[in-house]
Amino acid sequence: MSKSSLFCQRQLLHYLADGHFYSGQWLAEQLGISRTAVANYLNELKLHGLEIYSVKGRGYKLAHAIELLDANKIKKIQAAGSAQILVQHITDSTNCQLLQRLQAGQGMHSGTVIVAEAQTAGRGRRGRLWYSPYGTNLYFSCYWRLEQGAQAAMGLSLVIGLAVCRLLQQRYQLDAKVKWPNDIYINEKKLAGILVELSGQLDAACDVVIGIGLNVGMPAQSNEHIEQPFTDLRTASTQQIDRNNLIVQLQSYLVSILQEFNTTGFSPFISEFNQHDLYANRQVYLMAKTPIFGICRGVDHQGGIIIETTQSTEIYYGGELSLRAGE
Ligand code: ATP
């Protein structure tokens, strides 16, 4: 997108953000562009999932007031010495953006974050898509140097989930659960997904990109894009959510748990994980080559899932496994 288009879209959103009606004529005058250009810019944002109503005689209005991501505001509320948070408008995937920086040899401090208003190719595991509509959720990726090497990645994915649970509990009084190994649930519905990607040599210390997609306010038609129950903070919380604050809080909770993890490894987190385990002591099945049916008995010191079947109790590791509720 050209710089001037980006500028015009941001300016239009700046006016519309309060959720009130603005006529096309008035918006066009403010920006010094035609009404057709206003309509085109807003249609493009609509295609990126932003809910905009247009009503004849009244103009345009957002379905909900929004707070745009604001790099300056974010910087002001970050604690001194925090790693940088870069804000993008529309991107392919914030994980891809960080991975590209790593591949280009751009040095970064652990804790550096990229966030975007929308993703065109947000990713889940195994090529699945993460629905990433504009201006309303968090699409957040964080760089981390994993000193213990790739074998610690399993535990890492779980402590990231715990960072999100701590944040939601301590700042928003929400009881979030982790579905091993990488999803966050509230009231049995998916609130957030975590995608950990490793880069560089895997036998020694390696570079990790941690992607977190967290739903703050999903548009009304989102179920056309997602084939499982999901929720958002607007539904789960009575508090007004300020995304700029949430981003700064998430970076800080994440960095502090990852520092803890770097020194202690996963073992001290086992009991905390078990308290937040969505499937604790419930019947589950593990989608592996041969599905395994049993009762979920928590995790071991490396973050592997413990499943008790009628024959034995086994521990399973690996990012390619998916857990589901049993009958
Ligand atoms: P598992 O990780 O256990 O295999 P999963 O099916 O949830 O489970 P993920 O890769 O974690 O897979 O996430 C991708 C899936 O999440 C998508 O296939 C879709 O069902 C769902 N999804 C996509 N976007 C969103 C969103 N914004 N909010 C909630 N769920 C979403």
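The following paragraphs describe the overall form of a predicted model and then one group of its strands. Residues are numbered from 1 along each chain as its sequence is written. In this predicted model, local features need pLDDT of at least 70 and side-chain atom pairs count only at pLDDT 80 or more, while totals for chains, interfaces and linings use all residues.

The secondary structure of the chain consists of nine helices and 14 strands, where helices (H or I, at least four residues) and strands (E, at least two) are DSSP runs numbered from the N terminus. Along its principal axes, the C-alpha trace spans about 70 × 45 × 35 Å. The radius of gyration, taken over C-alpha atoms, is 21 Å, which agrees with the value near 20 Å for a compact globule of 327 residues; the globule rule is 2.2 Å times the number of residues to the power 0.38. Of the 327 residues, 53% are buried, that is, under 20% relative accessible area with a 1.4 Å probe, protein chains only.

Strands 10, 11 and 12 lie towards the higher residue numbers, at 283–287 and 292–299 and at 305–308. Two strands pair if DSSP finds at least two bridges between them. Strand 10 pairs with strand 11 in the antiparallel sense over four bridges, and Tyr-285 stands opposite Phe-293 of strand 11. The hairpin that joins these two strands runs through four residues.

Strand 11 also pairs with strand 12 in the antiparallel sense, over three bridges. Here Val-299 stands opposite Ile-305 of strand 12. The hairpin of strands 11 and 12 has five residues between the strands, and Gly-303 takes a positive phi near 95° in this hairpin.

Terms used
Side-chain values use heavy atoms; hydrogens and water are left out. Buried means under 20% relative accessible area, exposed over 50%, partly exposed in between (1.4 Å probe, protein chains only).
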